[in-house]
Amino acid sequence: MSTSLFSLKGKNALITGSTHGLGMSMAKGLGKAGAKVIVNGNSSQEKIDKAIIEYKNESIDAVGYRFNVTDETEVMAAISKIEEEVGPIDILVNNAGIIKRTPLVEMAVSDFKEVIDVDLVSPFIVSKEVVKGMIARGGGKIINICSMMSELGRNSVGAYAAAKGGLKMLTRNMATEWAKYNIQTNGIGPGYFATSQTAPIRVDGHPFNEFIVSRTPAGRWGDPDDLRGAVIFLSSQASDFVNGQIVYVDGGILATIGKPSNES
Ligand code: GCO
């Protein structure tokens with residue numbers, strides 16, 4: 001079988017929230033598969049510039065654009081600028097996201113709304129803008145970064161679970177509406193990964209750290225590089241007949257109810 005099935009040579013890939021963490025790891029995977037990487041962040045131009053240096057140090061062709069994915073006006077202007085300066089966006093990875101860990105009864109409505117805004121509304125805003133070009137060109141790939149919380153609840157992450165559960169269904173609806181334009185829309189559901197977002201619950205001895213290692217059949221936290229294969233697959237012609245699917249990269253958590261502490 002031709003290896004070009006997974007090649008992204010000549011493709012432009014926009015990954016939101018790709019100045020660090022899982023977004024950067026997935027973007028590096030796409031870059032190493034041949035794509036030109038369009039980096040996005042909203043914190044500071046300095047952070048974007050620093051990230052671009054990191055990509056280039058790994059011989060990845062990358063350019064950076066700072067815009068707030070929750071602001072429709074900024075997104076419209078940014079997508080127009082990108083398509084003018086870089087070219088068509090062939091691959092969109094909606095990765096930017098936040099989490100607020102607060103029990104629902106204590107959570108401020110404004111905090112709940114902020115999580116929904118970033119994690120659910122922004123993939124809609126960005127996709128709605130990018131898909132126009134994909135429809136005009138007759139094809140494209142959209143990948144929404146979901147979560148274990150697209151399927152399961154957990155104490156203190158109710159807003160995040162509501163957003164990621166909604167993102168799973170938004171992914172299916174995008175697939176329903178856009179597949180006829182040869183646009184494949186799918187999701188990736190990372191399990192528990194070693195990132196800055198999970199650092200507070202991953203420290204040695206933290207009860208949650210022990211819980212996740214025991215609850216994951218693979219017996220470890222995910223390494224951000226573990227996501228590269230799934231994102232390359234869903235960005236390449238290898239997935240041209242895959243639509244509305246969430247690929248869980250979770251070490252097996254969703255496959256099992258877990259085991260008693262006295263079982264190995
Ligand atoms: C948490 C974690 C999770 C992971 C990931 C799991 O607090 O439970 O942050 O939400 O980040 O989303 O898929």
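A residue counts as partly exposed when its relative accessible area falls between the 20% under which residues are buried and the 50% over which they are exposed. Alanine 199, at 31%, is therefore partly exposed. The model described here is predicted. It holds a ligand, and 14 residues surround that ligand. The ligand sits in the largest pocket. The points below start at the ligand, then move through the chain by topic.

**The ligand and its surroundings**

- The closest of the 14 surrounding residues are Arg101, Arg154, Tyr160, Pro190 and Gln197.
- By type, the shell around the ligand divides into 8 nonpolar, 4 polar and 2 charged residues.
- Arginine 154 brings a polar side-chain atom to 2.6 Å from an oxygen atom of the ligand.
- Proline 190 takes part through its backbone: a polar backbone atom lies 2.6 Å from a ligand oxygen.
- Tyrosine 192 uses its side chain, where an N or O atom is 2.9 Å from an oxygen atom of the ligand.
- On its own, the ligand has 330 Å² of accessible area, and the protein covers 96% of it.

**Buried residues with side-chain contacts**

- Threonine 16 belongs to the loop between β1, residues 12-15, and α1, residues 21-32.
- The relative accessible area of threonine 16 is 2%, so this residue is buried, the limit being under 20%.
- From that loop, the side chain of threonine 16 reaches the backbone nitrogen of alanine 96 at 2.9 Å.
- Serine 150 is placed in the loop between β5, residues 140-145, and α5.
- Serine 150 is also buried, because its relative accessibility of 7% is under 20%.
- The side chain of serine 150 reaches the backbone oxygen of lysine 164 at 2.8 Å.

**A buried glycine in helix α1**

- Glycine 29 is part of helix α1.
- With a relative accessible area of 3%, glycine 29 is buried.
- Glycine 29 and serine 150 stand 121 residues apart in sequence.
- In space, the C-alpha atoms of glycine 29 and serine 150 are 24 Å apart.

**Positive phi outside glycine**

- Serine 156 has a phi near 85 degrees, a positive value in a residue other than glycine.
- Serine 156 sits in the loop between β5 and α5.
- A relative accessible area of 21% makes serine 156 partly exposed, because buried requires under 20%.
- Asparagine 182 is not a glycine either, and its phi is positive at about 65 degrees.
- The loop that holds asparagine 182 runs between α5 and β6, the latter spanning residues 183-190.
- Asparagine 182 is partly exposed, with a relative accessible area of 41%.

**Helix α5**

- Helix α5 covers residues 158-178, and methionine 169 is found in it.
- Methionine 169 has a relative accessible area of 44%, so it is partly exposed: the value lies between 20% and 50%.
- Along the chain, methionine 169 and aspartate 250 are 81 residues apart.
- The C-alpha atoms of methionine 169 and aspartate 250 are separated by 19 Å.

**The loop between β6 and α6**

- Alanine 199 lies in the loop between β6 and α6, and α6 spans residues 207-215.
- Alanine 199 is 10 residues from asparagine 209 in sequence.
- Their C-alpha atoms, those of alanine 199 and asparagine 209, are 9.7 Å apart.
- Serine 196 also lies in the loop between β6 and α6.
- Serine 196 counts as exposed, because its relative accessibility of 54% is over 50%.
- Serine 196 and isoleucine 142 are 54 residues apart along the chain.
- The C-alpha atoms of serine 196 and isoleucine 142 are separated by 25 Å.

Notes: Residues numbered from 1 in each chain as written. Predicted model: local features only at pLDDT ≥ 70, side-chain atom pairs only at ≥ 80, totals over all residues. Heavy atoms only, no water. Near = heavy atom within 4 Å. Polar contact = N/O pair within 3.5 Å; in protein donor to acceptor, adjacent residues only side chain to side chain. Areas by Shrake-Rupley, 256 points an atom, 1.4 Å probe, with all protein chains shown as cover. 1 Å grid on protein atoms, 1.4 Å probe; cavity = no way out; pocket = protein on both sides within 12 Å on 5 of 7 lines; lining within 4 Å. Sits in = over half its atoms within 2 Å of the grid points. Nonpolar A, V, L, I, M, F, W, Y, C, P; charged D, E, K, R; others polar. Helix = DSSP H or I, 4+ residues; strand = E, 2+ residues; numbered from the N terminus. Buried < 20%, exposed > 50% of the residue type's maximum accessible area, 1.4 Å probe, protein only.
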